[in-house]
Amino acid sequence: MAFEYNNKTYDFGSANFNMFGRFVQGISSLNIEAQQDAQYNYGAGNRPTSLARGRKTYSGSFVLQGYEGVALSAANPGQDYLDLPTFELTVSYGESADDMYTEVVRGVKITQFSKSLQNTQPTDEITLTFIAA
């Protein structure tokens, strides 16, 4: 999957990921979602007269190869991924400093994780689900 920014197309292969001040190479998937509450306001009659917007929420998930999970665990010995402190996830796209596009997901807090090992993949994977500020 690719996306465009500033008339340039970027894909997963041109992305660099950073968590806890560390470059993360063993990430195979990233999903970020944004949502905003909305509801109709009613006045006279039975049709809405306007639309009210409410709070915004951000969430997502990412998949790490097992060795990246070990590196995350090393930062918090004796605790699991749910105990990690909030952190920033920085994603930079581009091949050079001149065409770099950077997104920062702030206040990432892990809310769920799962580990999987399948005979179709050479290493275990860890799926981490998060909320963000």
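**Group meeting: charges, fold and aromatic pairs**

Let me begin with the charges: the protein carries 9 positive and 14 negative charges, and the mean positions of these two sets lie 12 Å apart. Please keep in mind throughout that what we are looking at is a predicted model, and that the values I quote are computed from it.

Turning to the surface on which one might place such charges in a calculation, the accessible area of the protein comes to about 8,900 Å², and carbon and sulfur atoms account for 47% of that area. As for the interior, 27% of the 133 residues of the protein count as buried.

Now to the fold. The protein has nine strands and one helix, and if we walk along the chain from the N terminus, the order of elements reads β-β-β-β-β-β-α-β-β-β. With a radius of gyration of 19 Å, the protein is well over the 14 Å that the globule rule gives for 133 residues, and it is therefore more spread out than a compact globule. In terms of extents, the C-alpha trace spans about 65 × 40 × 30 Å along its principal axes. If we take the contacts between residues at least 6 apart in sequence, 53% of them join residues that are at least 24 apart.

That brings me to the aromatic side chains, where the structure holds five aromatic pairs, and I would like to go through two of them.

One of them is formed by F12 and F17, whose ring centres are 5.3 Å apart and whose planes meet at 40°; since an angle under 30 degrees would count as stacked and one over 60 as edge-to-face, the pair is classed as tilted. As to burial, F12 is partly exposed, with a relative accessible area of 36%, whereas F17, at 4% relative accessibility, counts as buried.

Another is the pair of F62 and F130, which is also tilted, with 6.0 Å from centre to centre and 45° between the planes. Which parts of the chain does this pair tie together? F62 sits in strand β6, residues 48-65, and F130 in strand β9, residues 125-132, so the pair links parts that are 68 residues apart in sequence. Both partners lie under the 20% cut-off for burial: F62 is buried at 1% relative accessibility, and F130 is likewise buried at 1%.

To close, I would put two items side by side for discussion: the protein is more spread out than a compact globule, and the F62 and F130 pair ties strand β6 to strand β9.

Methods
Residues are numbered from 1 along each chain as its sequence is written. This is a predicted model: local features need pLDDT of at least 70, side-chain atom pairs count only at pLDDT 80 or more; totals for chains, interfaces and linings use all residues. Side-chain values use heavy atoms; hydrogens and water are left out. Helices (H or I, at least four residues) and strands (E, at least two) are DSSP runs, numbered from the N terminus. The radius of gyration is taken over C-alpha atoms; the globule rule is 2.2 Å times the number of residues to the power 0.38. Buried means under 20% relative accessible area, exposed over 50%, partly exposed in between (1.4 Å probe, protein chains only). Contact means heavy atoms within 4.5 Å. Accessible areas come from the Shrake-Rupley method with a 1.4 Å probe; for residues, only the protein chains shown count as cover. Lys and Arg count as positive and Asp and Glu as negative; His and the chain ends are not counted. The place of a charge is taken as NZ of Lys, CZ of Arg, CG of Asp or CD of Glu. Rings of Phe, Tyr and Trp (its six-membered ring) pair if their centres lie within 6.5 Å; planes under 30 degrees apart count as stacked, over 60 as edge-to-face and the rest as tilted.
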